[in-house]
Amino acid sequence: MSIIRPLFIASLGNPSPTYTNTLHSAGHTVLTHLRTWLHTPPFEKSRPYASGLLSTSPDYTLWQSPSLMNLSGKPVSTAWRTFLASLSAPEDKRAARLVVVHDGLELPIGKIKVREGKGASAKGHNGLKSVLVAMPGMEFTRIGVGIGRCASRESRDVAAYVMRKMTPAEVEIMADVAGQVSEVVREMRRGVR
């Protein structure tokens, strides 16, 4: 018998509207498209959820971090605790899972990488480092969304690359990526993953 897991799906990125559809905010872009795939209502700002953008349905809770990427840990921790408090059944609280969607600089654009379990490295991702510091020992699923990598390894060039706006074609790729992510979270919800 499979269980139905409550899922809290959080995206990391920089705040909108300034950073909307930048490569570094690919997690937010994918979550915006994921809302359509999972049939959740429009996002609304939620004070209890660390003033992040929230879209909740009986099946899924989607949340966009309101902070700068490198300061994501505290808002994610606050929103996660609020989500757990919203679950009334003790078995739901035990079964609940946190999923973090973020940009993946080392992945080709349009590819995803799913990493599960605790103790997995942040692999140099400052947003994930912040979450790991704020939630030590927390087991959660990470879904990296490929944004490609610029040719240079110079930090200034990398920063300019990740902060640039996506092209319309790249935004479309992220809409397709949301379909891949929807399959992953549907499997998680059913307890298959």
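# A tour of two pockets, two cores and the strands beside them

The second largest pocket is lined by 18 residues, and those lying nearest its centre are Ser-16, Thr-20, His-28, Leu-53 and Gln-64; select these five to begin, bearing in mind throughout that the coordinates belong to a predicted model. The volume of this second largest pocket is about 280 Å³. If you now colour by secondary structure, α1 and β3 (52–56) are the elements that give two or more residues to its lining, and α1 provides the largest share, four residues. Colouring by residue class instead shows five nonpolar and 13 polar residues in the lining of the second largest pocket, with no charged residues.

Stay with Ser-16 and add Pro-17 to the selection, since a cis peptide bond joins these two residues, with omega at about 0 degrees. Pro-17 sits in the loop between β1 and α1, and Asn-21 is also placed in the loop between β1 and α1. Asn-21 deserves a look at its backbone, for although it is not a glycine it has a positive phi of about 60 degrees. Its relative accessibility is 27%, so Asn-21 counts as partly exposed.

Another backbone of this kind can be found by selecting His-39, a residue other than glycine with a positive phi near 60 degrees. His-39 belongs to the loop between α1 and β2 (44–46), and because its relative accessible area is 67%, above the 50% cut-off, His-39 is exposed.

Turn next to the interior, and select Ile-9, Val-30, Leu-34 and Val-185, which touch the most other members of the largest nonpolar core, a set of 30 residues. At least two residues of this core come from each of β1 (7–11), α1 (26–38), β4 (60–64), β5 (97–104), β7 (141–146), α5 (155–163) and α6 (168–189), and α6 gives the most, with eight residues. A second, separate core has 20 residues, among them Ala-10, Tyr-49, Ala-96 and Val-131.

Which residues surround Ile-9, once its neighbours within four places in sequence are left aside? Ile-9 is in contact with Leu-31, Leu-34, Leu-38, Tyr-60, Thr-61, Leu-62, Trp-63, Val-99, Val-101 and Val-185.

From α6, pick out Ser-182, which lies in that helix. Ser-182 has 0% relative accessibility and therefore counts as buried. With neighbours within four places in sequence again left aside, the contacts of Ser-182 are Leu-34, Trp-37 and Leu-38.

Now select the whole of β5 and show the strands on either hand. Seven of the eight residues of β5 are buried, so this strand is largely enclosed by the rest of the structure. β1 and β5 run parallel and are joined by five bridges, and along that pairing Ala-10 has Val-100 in β5 as its bridge partner. β5 also pairs with β7, again in the parallel sense, over six bridges; to find a place along β7, look for Gly-144, which stands opposite His-102.

The next stop is the largest pocket, which holds about 610 Å³ of space. It is lined by 27 residues, and the ones to select are those closest to its centre, namely Asp-103, Leu-105, Lys-123, Gly-124 and His-125. Which elements each supply at least two residues of the lining of the largest pocket? They are β5, β6 (112–115), α4 (126–134), β7 and α5, and the largest share, four residues, comes from α5. By class, the lining of the largest pocket divides into 10 nonpolar, 10 polar and seven charged residues.

Finish at Glu-116, found in the loop between β6 and α4. With 42% relative accessibility, which falls between the 20% and 50% cut-offs, Glu-116 counts as partly exposed. Draw a distance from its C-alpha atom to that of Arg-142: the separation is 6.3 Å, although the two residues are 26 residues apart along the chain. Showing the contacts of Glu-116, with neighbours within four places in sequence left aside, brings up Phe-140, Thr-141 and Arg-193.

Key:
Residues numbered from 1 in each chain as written. Predicted model: local features only at pLDDT ≥ 70, side-chain atom pairs only at ≥ 80, totals over all residues. Heavy atoms only, no water. Core = buried A, V, L, I, M, F, W, Y, C linked by side-chain atoms within 4.5 Å. Buried < 20%, exposed > 50% of the residue type's maximum accessible area, 1.4 Å probe, protein only. Contact = heavy atoms within 4.5 Å. 1 Å grid on protein atoms, 1.4 Å probe; cavity = no way out; pocket = protein on both sides within 12 Å on 5 of 7 lines; lining within 4 Å. Points joined across faces, edges and corners; volume = space filled by probe spheres on them. Nonpolar A, V, L, I, M, F, W, Y, C, P; charged D, E, K, R; others polar. Pairing = 2+ DSSP bridges.
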